[in-house]
Amino acid sequence: MVSLEDRAGRSLDRVLTRTGSGLFELRMPAPGEYRVRAERIGYATTLSEFFSVAATDTLTIELAARIEPISLTGIEAEGDRRCRVRPEEGLAVARVWEEARKALAAAAWTRERGLYRYEMLTIRRRLDARGRRVEREDRDYLEVSAPTPYESRPADSLLAEGFVRLSDQGVVFWGPDADVLLSDYFVDTHCFRLTPGERPPGEPLGLEFEPVPDRDVAEVAGTMWLDPVSAHLKRLDFRYVNLNVPARLMRASPGGSVEFTTLPNGTWIVPSWHLRMFRPDPAASLAAIIMEHGEVLRVRDQQGVVFEGDRGGRIVGTVFDSLRAGLPGARVFLDGEGTDVVTDTNGRFEMTHLGPWTYSVHFNHPYMERLGYQPEPVDVEMGSEASNPVRVDFEAPPMDVVLDDVCSGVRQPGPTLAAEGRIVWYEGVLTMAVTDSDGNPVANAGVLTTTAAPGAEDLEEDGHRVIGRTSASGLYRMCWVPVDLPLELVALSRGERFDRSAFEDGAALADLFPGRVQRITIAREAPHRTLVLRIETR
């Protein structure tokens with residue numbers, strides 16, 4: 001990172017040198033005296049002499065960077081454990097902060113330039129109050145040409161109002177980004193010290209920070225973790241402090257983390273982050289723990305992909321049919337939106353970016369979904385002791401088992417002798433989906449069904465002139481309807497009425513609803529049918 005400085009030490013322009021050549025270009029804002037500062041993470045800073053620039057000058061400067069590695073290996077928090085605001089040069093804590101600052105400055109510079117297009121996954125998880133089970137997970141995939149995939153609230157707003165806002169409408173949390181951590185506000189209102197204790201070889205070195213004692217707004221305290229060999233900033237962990245809330249809410253351990261990584265050309269990005277927040281109930285007790293998580297899947301520039309993200313915790317497996325063959329087209333999902341994956345031609349699936357909690361994993365297939373049938377989920381633990389990936393296999397039940405299950409609470413009538421000596425069997429299962437003109441499901445719509453055959457009067461006495469209401473997803477299921485016998489069906493919009501007495505006068509369904517009646521016959525050999533009924537809304 002090459003910066004232009006004036007006599008007052010202010011940075012007026014900065015740029016990363018070009019990969020391979022070390023070339024850079026800086027623009028002076030006005031004639032005057034300046035110098036150039038060159039910084040590399042893990043190496044000593046190099047400064048040029050001051051030089052004068054006139055209004056029309058273009059200068060070429062060759063700067064020989066000092067090959068003086070700065071190693072953080074062996075630095076320990078010994079002796080003075082005071083937490084220092086803007087630690088003085090020469091102290092071990094100042095050396096560590098300086099290397100962290102270089103990485104943060106590179107991340108801020110990358111954001112300013114808006115160099116990349118990001119493919120991102122954002123996840124919102126609701127955990128139980130103990131923080132062990134995922135009750136709901138909503139996912140959203142997006143691709144954006146944004147300056148950065150992760151951005152905080154402006155530093156001056158955080159200075160005045162803090163990192164957490166409590167109101168009658170709820171609680172809003174913010175986490176710090178590179179600009180906030182570099183701001184004068186942050187370094188003036190937070191003190192730094194090294195994490196105490198001996199570190200095993202190769203373990204990250206921690207630079208702790210906390211708000212100064214007189215800060216009375218919601219703040220963050222935490223640790224920046226650096227690689228002791230390369231001096232690269234790896235991760236920021238933080239927790240929320242100074243929150244004026246009951247202690248029972250703080251059992252949620254509200255806080256978060258931000259990951260940092262460098263790309264081959266020297267730019268820095270945030271590949272993942274998460275916030276852990278509490279959700280109070282009306283009595284101000286802990287109702288749930290909310291996790292907001294972001295993951296950068298891919299980063300692209302004009303030449304192509306320059307970064308591929310980690311896939312995190314994974315579940316892999318196969319959905320088998322009743323003959324133990326892989327079942328393609330099955331849907332495996334979690335409770336929530338956007339979590340679905342579909343099995344391939346061999347019935348295999350993979351779920352990625354899962355956290356260290358317990359999940360309820362569901363599966364289904366169109367042949368079961370048409371009946372409104374949902375197999376029981378499987379609980380999968382994704383904690384630190386679990387292998388990665390975790391393997392889970394499912395076996396889809398045969399159709400006769402599904403039919404028995406979905407109609408297990410409905411009495412199946414015995415065969416009936418109809419007119420002309422015909423025996424009618426009640427073995428059919430009819431699933432109806434009611435939609436509007438645009439194909440959207442219609443909840444609470446009426447579905448009117450009658451038999452249409454010789455001897456129908458006898459069947460109607462057995463209850464087969466039926467009107468029911470669709471579910472929230474627009475589905476209505478009828479169990480044990482007659483097979484090998486014509487049925488007539490019509491969908492009624494919410495609030496639509498019809499003259500029931502007209503049936504007593506011998507009117508047919510088609511007379512009451514001209515042009516709207518559908519007629520089907522369910523074969524005994526294939527006793528399940530699915531039908532779409534449409535309500536014209538235009």
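In this predicted model, proline 527 is partly exposed, because its relative accessible area of 23% is above the 20% under which a residue counts as buried. Proline 527 is located in the loop that lies between strand 35 (518-521) and strand 36. When neighbours within four places in sequence are left aside, the contacts of proline 527 are Leu403, Glu427, Gly428, Val429 and Ile522. Of these, glutamate 427 is 100 residues away from proline 527 in sequence, with a C-alpha to C-alpha distance of 6.4 Å.

Strand 36 (528-534) belongs to an open sheet, which is made of 3 strands in the order 33-30-36 with mixed pairing. Strand 33 (475-482) and strand 36 are the edge strands, each paired on one side only. From one strand to the next, the twist averages 25 degrees. Strand 30 (residues 426-435) and strand 36 run parallel and are joined by 7 bridges. Within this pairing, histidine 528 of strand 36 stands opposite valine 429. Valine 429 is also among the contacts of proline 527.

Threonine 46 lies in strand 4 (residues 46-47). The relative accessibility of threonine 46 is 5%, so this residue counts as buried, the limit being 20%. Beyond four places in sequence, threonine 46 contacts two runs of residues: Val36, Arg37 and Ala38, and Leu63, Ala64, Ala65 and Arg66.

Antiparallel pairing is found on both of the following partners of strand 6 (residues 117-127). With strand 18 (residues 286-301), strand 6 forms 11 bridges in the antiparallel sense, and leucine 121 has glutamate 295 of strand 18 as its bridge partner. With strand 7 (residues 134-144), strand 6 forms 10 bridges, again antiparallel. Leucine 127 is bridged to valine 134 of strand 7. Strands 6 and 7 make a hairpin with 6 residues between them, and glycine 131 in the turn has a positive phi of about 75 degrees.

Strand 24 (residues 358-364) is largely enclosed by the rest of the structure, because 7 of its 7 residues are buried. In a regular strand, side chains alternate between the two faces of the sheet. For strand 24, both faces are covered: Thr358, Ser360, His362 and Asn364 are buried on one side, and Tyr359, Val361 and Phe363 are buried on the other. Strand 24 runs antiparallel to strand 21 (residues 331-334), to which 4 bridges join it; phenylalanine 363 of strand 24 stands opposite valine 332. Strand 24 is also joined by 4 bridges to strand 25 (residues 378-381), in an antiparallel arrangement. Here valine 361 stands opposite valine 378 of strand 25.

Val361 is also one of the residues with the most contacts inside the largest nonpolar core, together with Met224, Tyr240 and Ile315. This core has 110 residues, and helix 1 (residues 92-113) supplies its largest share, 10 residues. In soluble globular proteins, nonpolar side chains tend to be buried together. Residues up to four places away in sequence not being counted, the contacts of tyrosine 240 include Phe163, Val164, Phe173, Trp174, Val220, Met250 and Leu275, and also Glu219 and Arg276. A second, separate core has 18 residues, among them Ala445, Leu487, Leu489 and Leu533.

Helix 1 also takes part in the lining of internal space. The count of cavities of 30 Å³ or more is 2, and the largest cavity has a volume of about 130 Å³. It is lined by 16 residues, with Ala107, Arg111, Thr148, Tyr150 and Val270 lying nearest its centre. Two or more lining residues of the largest cavity come from each of helix 1, helix 3 (178-182) and strand 16 (268-269). The most, 4 residues, are given by helix 1.

The largest pocket has a volume of about 1200 Å³. Its lining comprises 45 residues, and Val2, Thr17, Gly22, Leu23 and Phe24 are the closest to its centre. Strand 3 (32-38), strand 5 (51-53) and helix 1 each give two or more residues to the lining of this pocket. Helix 1 provides the largest share, 3 residues.

Conventions. Residues numbered from 1 in each chain as written. Predicted model: local features only at pLDDT ≥ 70, side-chain atom pairs only at ≥ 80, totals over all residues. Heavy atoms only, no water. Buried < 20%, exposed > 50% of the residue type's maximum accessible area, 1.4 Å probe, protein only. Contact = heavy atoms within 4.5 Å. Pairing = 2+ DSSP bridges. Axes fitted to C-alpha atoms, helices over the stretch in contact; angles between N-to-C directions. Core = buried A, V, L, I, M, F, W, Y, C linked by side-chain atoms within 4.5 Å. 1 Å grid on protein atoms, 1.4 Å probe; cavity = no way out; pocket = protein on both sides within 12 Å on 5 of 7 lines; lining within 4 Å. Points joined across faces, edges and corners; volume = space filled by probe spheres on them.
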